[in-house]
Protein chains: 12
Amino acid sequence: MKIQIINGPNLNLLGKREPEKYGSLSFEDCLTGLKTKYPGIGFDYFQSNVEGELINKIHDVGFTYDGIILNPGGYTHTSVSLADAVASVKTPVIEVHITNIAAREEFRHISIVGKYCAGSILGFGLDGYRLAVEAITEIKKQSEKAG
Amino acid sequence: MKIQIINGPNLNLLGKREPEKYGSLSFEDCLTGLKTKYPGIGFDYFQSNVEGELINKIHDVGFTYDGIILNPGGYTHTSVSLADAVASVKTPVIEVHITNIAAREEFRHISIVGKYCAGSILGFGLDGYRLAVEAITEIKKQSEKAG
Amino acid sequence: MKIQIINGPNLNLLGKREPEKYGSLSFEDCLTGLKTKYPGIGFDYFQSNVEGELINKIHDVGFTYDGIILNPGGYTHTSVSLADAVASVKTPVIEVHITNIAAREEFRHISIVGKYCAGSILGFGLDGYRLAVEAITEIKKQSEKAG
Amino acid sequence: MKIQIINGPNLNLLGKREPEKYGSLSFEDCLTGLKTKYPGIGFDYFQSNVEGELINKIHDVGFTYDGIILNPGGYTHTSVSLADAVASVKTPVIEVHITNIAAREEFRHISIVGKYCAGSILGFGLDGYRLAVEAITEIKKQSEKAG
Amino acid sequence: MKIQIINGPNLNLLGKREPEKYGSLSFEDCLTGLKTKYPGIGFDYFQSNVEGELINKIHDVGFTYDGIILNPGGYTHTSVSLADAVASVKTPVIEVHITNIAAREEFRHISIVGKYCAGSILGFGLDGYRLAVEAITEIKKQSEKAG
Amino acid sequence: MKIQIINGPNLNLLGKREPEKYGSLSFEDCLTGLKTKYPGIGFDYFQSNVEGELINKIHDVGFTYDGIILNPGGYTHTSVSLADAVASVKTPVIEVHITNIAAREEFRHISIVGKYCAGSILGFGLDGYRLAVEAITEIKKQSEKAG
Amino acid sequence: MKIQIINGPNLNLLGKREPEKYGSLSFEDCLTGLKTKYPGIGFDYFQSNVEGELINKIHDVGFTYDGIILNPGGYTHTSVSLADAVASVKTPVIEVHITNIAAREEFRHISIVGKYCAGSILGFGLDGYRLAVEAITEIKKQSEKAG
Amino acid sequence: MKIQIINGPNLNLLGKREPEKYGSLSFEDCLTGLKTKYPGIGFDYFQSNVEGELINKIHDVGFTYDGIILNPGGYTHTSVSLADAVASVKTPVIEVHITNIAAREEFRHISIVGKYCAGSILGFGLDGYRLAVEAITEIKKQSEKAG
Amino acid sequence: MKIQIINGPNLNLLGKREPEKYGSLSFEDCLTGLKTKYPGIGFDYFQSNVEGELINKIHDVGFTYDGIILNPGGYTHTSVSLADAVASVKTPVIEVHITNIAAREEFRHISIVGKYCAGSILGFGLDGYRLAVEAITEIKKQSEKAG
Amino acid sequence: MKIQIINGPNLNLLGKREPEKYGSLSFEDCLTGLKTKYPGIGFDYFQSNVEGELINKIHDVGFTYDGIILNPGGYTHTSVSLADAVASVKTPVIEVHITNIAAREEFRHISIVGKYCAGSILGFGLDGYRLAVEAITEIKKQSEKAG
Amino acid sequence: MKIQIINGPNLNLLGKREPEKYGSLSFEDCLTGLKTKYPGIGFDYFQSNVEGELINKIHDVGFTYDGIILNPGGYTHTSVSLADAVASVKTPVIEVHITNIAAREEFRHISIVGKYCAGSILGFGLDGYRLAVEAITEIKKQSEKAG
Amino acid sequence: MKIQIINGPNLNLLGKREPEKYGSLSFEDCLTGLKTKYPGIGFDYFQSNVEGELINKIHDVGFTYDGIILNPGGYTHTSVSLADAVASVKTPVIEVHITNIAAREEFRHISIVGKYCAGSILGFGLDGYRLAVEAITEIKKQSEKAG
């Protein structure tokens with residue numbers, strides 16, 4: 001089973017940026033944890049601050065991988081193009097946000113990208129990525145059962 | 001560890017109501033699965049169509065339980081009172097929705113209740129309840145580590 | 001043929017409350033008239049000021065009765081949960097309002113509940129309930145013709 | 001007793017236009033039915049796609065007829081002038097829509113014309129015209145009782 | 001003279017819930033103080049988290065008591081039905097809020113219920129209930145003078 | 001000097017329609033008064049309830065007359081096409097309203113047509129037409145002075 | 001007959017300020033013209049840039065003069081207090097604007113003050129003041145006829 | 001192949017009205033050009049300022065012609081009825097605007113009519129009609145290929 | 001104890017202006033009553049129609065008096081500057097409105113100034129000033145207890 | 001004559017992505033067709049998912065080419081920067097959309113980019129690119145005639 | 001070179017009012033610094049809480065001074081009249097705000113006055129006044145170069 | 001002292017693009033001037049049309065440089081991600097716009113990015129960059145004084 005994790009803008013600063021809001025772990029620490037916990041899953045990781053490169057990556061893996069975990073960062077609320085990319089592919093995409101965006105500024109309450117995702121996981125810190133892996137595993141199991 | 005699951009209006013029809021949207025399992029089937037999977041957790045279950053009774057239940061368990069899993073149904077988008085109840089208690093509340101509300105009618109895009117929840121899990125069908133249990137378990141672990 | 005009439009909040013005051021707007025007859029007078037006029041129809045009547053109890057009643061009768069006549073009162077404009085209940089059941093629901101809500105305050109112009117009803121009858125005073133019975137009778141005739 | 005039925009734009013296509021939404025009967029079929037059912041009532045019928053001609057007709061009959069049944073079609077949501085015409089006359093005007101406009105596109109949810117009508121009947125197909133006749137009959141009876 | 005005090009959702013937690021915002025006294029402490037200060041007034045107290053039960057109570061006392069002091073809590077901003085109940089009765093209703101709602105989140109700035117109240121008292125903590133008693137006493141005096 | 005007076009929808013009912021709002025004189029009475037008062041001016045009068053006929057008339061006279069006095073009635077607030085007609089012609093157009101539209105319903109506060117008029121006269125009853133004649137006379141004098 | 005002319009903010013610059021928009025005459029030139037044309041009318045003139053002084057002047061003359069001609073300048077669109085002053089007095093107030101505000105920036109389209117005026121005259125340059133005098137003369141004549 | 005060209009309000013002034021915006025050719029010049037260029041196509045031309053007559057024409061040809069080229073003029077942004085007419089017929093309708101409406105006033109940015117058209121061509125002056133003919137030719141070719 | 005009462009625009013007309021809305025007592029009558037009732041309190045009274053003079057007065061007394069009772073009149077809904085003045089001073093400011101602004105025009109529903117006040121008292125006529133004195137007395141008592 | 005075709009985000013998936021909406025041809029097929037049909041025109045083709053690279057390409061060719069055909073994809077509705085790039089160059093830019101965006105979700109109804117384009121062609125599938133070539137050819141012919 | 005500095009409402013409290021937001025220096029300290037730093041410039045200083053007096057001052061100096069530095073305080077967001085005053089004069093006006101208004105409450109994000117200013121300097125505390133002097137010096141240099 | 005200047009989309013065209021709005025100097029001319037004027041400051045310059053590359057550059061220098069001067073171009077009004085990048089770093093960021101955005105189209109009035117900047121300088125042409133250098137120098141001096 002192959003899962004692509006895609007982190008959007010400013011998430012490369014994780015652990016450095018506003019740690020009281022986003023925690024003090026870098027995403028690399030989190031990734032190591034996931035690989036240890038789920039040895040049977042192949043994880044690929046990609047981070048970019050460029051909207052179009054996120055789209056490119058979704059296109060690249062979106063017809064062959066079992067799941068995409070996408071944290072679109074600030075593009076969540078503004079990018080019709082990223083949302084269209086999610087809608088264009090076959091692989092189920094899980095939206096993850098580290099913070100509970102409903103509890104922040106009003107312009108963060110609406111997720112344009114989330115509309116086309118299989119589901120969303122909001123507010124659980126880095127643990128949200130683990131929950132997304134759990135969700136993909138179950139989606140795969142269900143679709144194999146159905147197939 | 002004790003977890004209260006609270007389901008709001010119309011969720012008593014689960015399995016009967018619009019199965020193409022909500023699936024054909026009743027919530028009781030789901031609950032049995034959770035109890036089997038997590039034998040160390042005491043699950044209490046409550047469903048009501050009455051907004052005020054949902055508030056009452058949150059008050060009852062919200063200072064002693066380890067977690068509340070709340071699917072506020074249609075009150076999600078309209079109930080300031082239910083949101084205030086969530087804000088009033090100590091126990092972390094996890095919002096769960098069976099469908100991805102961001103993909104439905106516009107009046108379902110904003111969650112008033114979610115604003116005060118620890119986190120939200122949207123769109124994974126009944127599997128969302130399992131993910132919420134996972135999330136609470138981790139929150140508890142972290143807070144014990146911190147405490 | 002069985003028809004459930006459901007009146008929402010404040011309609012228990014009918015005849016007492018602002019008679020220049022709602023008339024001076026109580027609903028009981030109206031119900032007696034309907035029973036006399038349509039002896040072949042079994043009418044059940046339910047009134048509650050509690051949103052959730054209205055939902056309960058819709059669930060109770062919504063898979064077996066021939067029609068529901070629903071005056072949602074003030075919940076008309078605010079209750080997603082009540083609207084969801086209407087959408088959840090099989091029995092056709094007819095929305096009735098005693099006054100012409102389009103001629104009143106702006107917040108009464110939109111009916112959230114009406115969206116999922118089979119049809120709406122607005123502004124004819126208590127005679128609206130009779131028109132709703134007429135409408136249900138015709139819907140039943142058509143569906144039997146179609147069935 | 002004299003009743004004027006006025007159908008607005010595109011209703012001349014009834015039976016031809018989008019039959020899955022509006023049914024396959026022409027309005028003429030419906031009119032024949034009404035005349036048969038209510039032999040004591042004189043029905044006049046007028047259809048026009050021109051907003052001003054609808055206004056002219058309302059002016060013509062609006063001080064002498066017992067009732068006007070008006071389906072303003074697409075002018076429902078845009079015509080202040082038609083609404084003013086309804087407000088200008090003495091005869092009670094009943095708004096009828098074949099479909100439940102609250103269940104369609106958002107720009108069809110508000111009826112400018114309905115604001116000045118005696119009442120509205122929405123969503124019952126062509127049977128709405130019969131219900132409107134019933135409503136006018138009752139209004140007449142009440143006003144004679146009161147007069 | 002008889003006054004009914006009605007507290008809405010979450011006010012049962014007073015003293016427990018967010019004491020930095022709502023103070024550390026329970027409402028019972030406040031009630032005892034009022035009874036001591038105004039021995040000539042009969043105070044009845046009712047609290048419920050259920051919107052419809054608040055409406056019921058307003059109906060019960062709203063034609064015979066001298067005044068109602070109503071803190072509608074979170075229903076203030078969402079309940080057309082509660083507002084209609086206030087409009088339906090004869091007894092003057094005084095809206096009280098412990099906090100200054102104009103200084104809180106934007107969705108708390110508009111009071112639907114307050115529209116039909118005789119007056120509103122906002123932001124004085126529990127002392128607002130005493131001010132409301134003062135206000136009712138004066139209203140009574142004036143209406144007796146006028147009567 | 002030639003002036004065209006154009007009255008829009010429902011103004012044919014002047015004197016008949018809601019006399020407490022629009023007065024009890026018909027427009028013909030007013031016209032007679034103007035002809036008497038300004039014998040040197042040729043007045044043409046046109047009334048129609050049809051938006052497009054109002055446009056036709058503006059086209060007809062809009063390149064040769066000295067002034068157009070236009071009361072667009074209910075089309076004031078909705079007709080981009082009528083506004084475009086005003087913008088298309090050379091003759092100055094004066095908007096007149098019998099009532100003060102700023103004091104009526106909110107949807108009457110904005111005049112789409114007025115935007116392209118030389119000026120507007122609102123709220124003076126039928127005397128507004130006389131004021132408009134005065135205004136056109138002055139505009140003509142000024143443009144002859146400038147020319 | 002006594003008429004008070006009140007000019008609001010920046011109108012002291014008339015003739016100096018943006019002459020292509022407001023013309024090159026000062027208001028004093030206009031006033032001289034009015035006094036010559038209407039020798040039987042006593043004109044008082046007041047200009048201030050201070051909102052409250054405009055209110056004071058309206059109070060001073062608003063119970064004894066025959067008419068007030070008010071150009072509220074920029075306060076037109078923002079001043080509830082000035083509007084309240086107009087509503088508070090007995091003397092009819094005529095709103096005059098030199099330019100056609102409906103043809104300018106959107107924030108100038110709504111006149112808060114105009115709502116309480118007897119009528120409005122917009123876009124005729126300084127000639128608007130003469131038209132306002134004409135209007136007041138007629139209003140006086142009518143009210144004497146009615147009185 | 002038969003194509004109906006329908007021009008809406010004020011387009012009869014083409015060549016006369018604001019030539020800097022709409023050019024100095026009349027539509028008749030354009031039509032002659034089209035007939036010369038496409039001798040195998042039968043062109044019918046209709047212009048009216050009356051909304052309802054545009055609807056009538058669409059009904060007349062909309063079940064038999066190969067294409068309709070519609071420039072709805074000012075009705076583009078306001079006419080639900082015209083939009084409904086387009087939706088009611090079988091013939092593909094191509095919306096043409098001479099100017100780029102997205103570059104003009106905000107109220108011209110939304111096309112209600114365009115919503116139901118096969119496609120839209122905006123901003124190419126009279127050449128837009130030629131492009132529409134090209135588009136219809138291709139649509140016909142494709143549908144014959146598909147048929 | 002010293003209390004400054006500040007009345008804003010048009011309140012000098014109290015007793016003269018729209019007595020059916022504001023009563024027939026002047027504010028001076030009310031002030032005399034307060035001085036009699038609370039002989040131990042020094043009352044200063046200030047009224048102005050000028051926004052900036054209200055600000056000046058708040059600055060003057062806002063660091064030394066025990067309380068300010070402010071009725072901002074029409075500035076309530078428009079004055080950021082007055083609101084800033086309230087926020088700038090130390091003395092608690094109590095907002096009083098004679099009428100229940102929530103029951104009036106929509107533009108009176110939001111109080112910009114109230115946001116920074118200690119509390120608000122709305123709708124009790126002139127008795128609201130007495131209630132405000134009561135509130136200040138209690139605030140003072142509490143702060144002495146706390147201090 | 002040289003024409004640059006620029007396709008924005010997700011258009012690389014053409015033929016793969018939602019073929020029921022976008023057709024099953026890739027853009028390369030379309031390009032081959034254009035080259036065959038217009039042998040005298042040099043076509044350059046560029047596709048990118050990166051907003052800034054689209055801007056770069058517009059800058060590169062926007063002072064020397066005869067026309068740019070731009071399908072901005074999802075950036076149509078969100079990119080002020082892309083719109084500014086179009087406004088910055090000399091070459092006329094033609095906006096093309098494969099689908100009729102007015103018939104899709106509301107957030108696709110407004111084209112920020114289209115505002116600065118010479119014209120727009122919407123809803124004709126891949127044939128829209130051919131129509132754009134036709135339009136550019138005509139624009140060139142006109143500007144040579146004018147030059 | 002002569003520069004007028006104008007400070008609006010509440011800025012007289014500088015150093016006293018909310019020092020954590022506005023700093024602890026009075027404006028007089030700042031002015032002394034500017035005079036020392038720019039001995040060749042004549043500085044005049046004016047502060048008022050009265051909107052109209054700010055307008056008066058702008059009129060007084062706005063045709064002769066080299067620059068105006070204006071901090072409109074709370075009138076920034078509400079005063080069309082002050083904005084009109086800025087637009088009426090010849091002297092360039094520089095808007096200065098001590099705090100970054102874009103980072104404060106939403107109603108402070110829009111500057112009506114700034115629209116007509118030469119430029120704006122926001123968020124640099126009292127140093128903003130120095131930057132404004134720098135800006136005016138450069139504007140003067142450029143206009144002399146151009147002149 | 002090290003300052004990074006970052007120019008966003010389309011600013012590479014400075015001097016070429018719409019010179020009547022943006023002036024005829026390229027940014028390189030401006031940069032040379034700054035280096036000459038401030039020899040003690042190390043200036044780095046970066047321009048990109050790619051949103052993500054602007055974010056990358058802010059990350060690169062945002063923890064070590066003394067100041068960032070950022071002109072976000074069209075991303076100012078749309079980029080939550082760029083705003084988040086500004087919020088993420090330690091170095092103070094100064095927003096500069098060449099034109100006064102408050103005087104342009106409405107969609108340019110709100111700066112999302114400016115919200116997180118230390119301050120903003122708008123409308124002074126290229127001189128704004130010099131003012132920003134002045135501002136950073138002062139911020140550095142103050143923070144050294146404070147440190």
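A polar contact is a pair of N or O atoms within 3.5 Å, and within protein one of the two must be able to donate a hydrogen and the other to accept it. In this predicted model, 8 residue pairs are in polar contact between chain F and chain G, counting those in which both residues stand at pLDDT 80 or more. On the chain F side, the elements that give two or more residues to the surface touching chain G are β5 (119–122) and α5 (127–146). Of the elements on that side, α5(F) gives the most, with 7 residues.

By residue class, the side of chain F that touches chain G divides as follows.

| Class on the chain F side | Residues |
|---|---|
| Nonpolar | 12 residues |
| Polar | 6 residues |
| Charged | 5 residues |

The contact as a whole draws 23 residues from chain F and 23 residues from chain G. The size of an interface is often given as the accessible area lost when the parts come together. Here chain F and chain G bury about 1800 Å² between them, and 58% of this area lies on carbon and sulfur atoms.

Between the two chains there are also 2 salt bridges, one of which is formed by the side chains of Arg130(F) and Glu134(G), with an N to O distance of 2.5 Å.

Strand pairing also links the chains, since β5(F) is joined by 3 bridges to strand β5 of chain G, residues 119–122, and the two strands run antiparallel. Within this pairing, Ser120(F) has Leu122(G) of β5(G) as its bridge partner.

How values were computed
Residues numbered from 1 in each chain as written. Chains lettered and ligands numbered in written order. Predicted model: local features only at pLDDT ≥ 70, side-chain atom pairs only at ≥ 80, totals over all residues. Heavy atoms only, no water. Contact = heavy atoms within 4.5 Å. Buried area = accessible area lost by both parts, 1.4 Å probe. Salt bridge = Lys/Arg side-chain N within 4 Å of Asp/Glu carboxyl O. Polar contact = N/O pair within 3.5 Å; in protein donor to acceptor, adjacent residues only side chain to side chain. Helix = DSSP H or I, 4+ residues; strand = E, 2+ residues; numbered from the N terminus. Nonpolar A, V, L, I, M, F, W, Y, C, P; charged D, E, K, R; others polar. Pairing = 2+ DSSP bridges.
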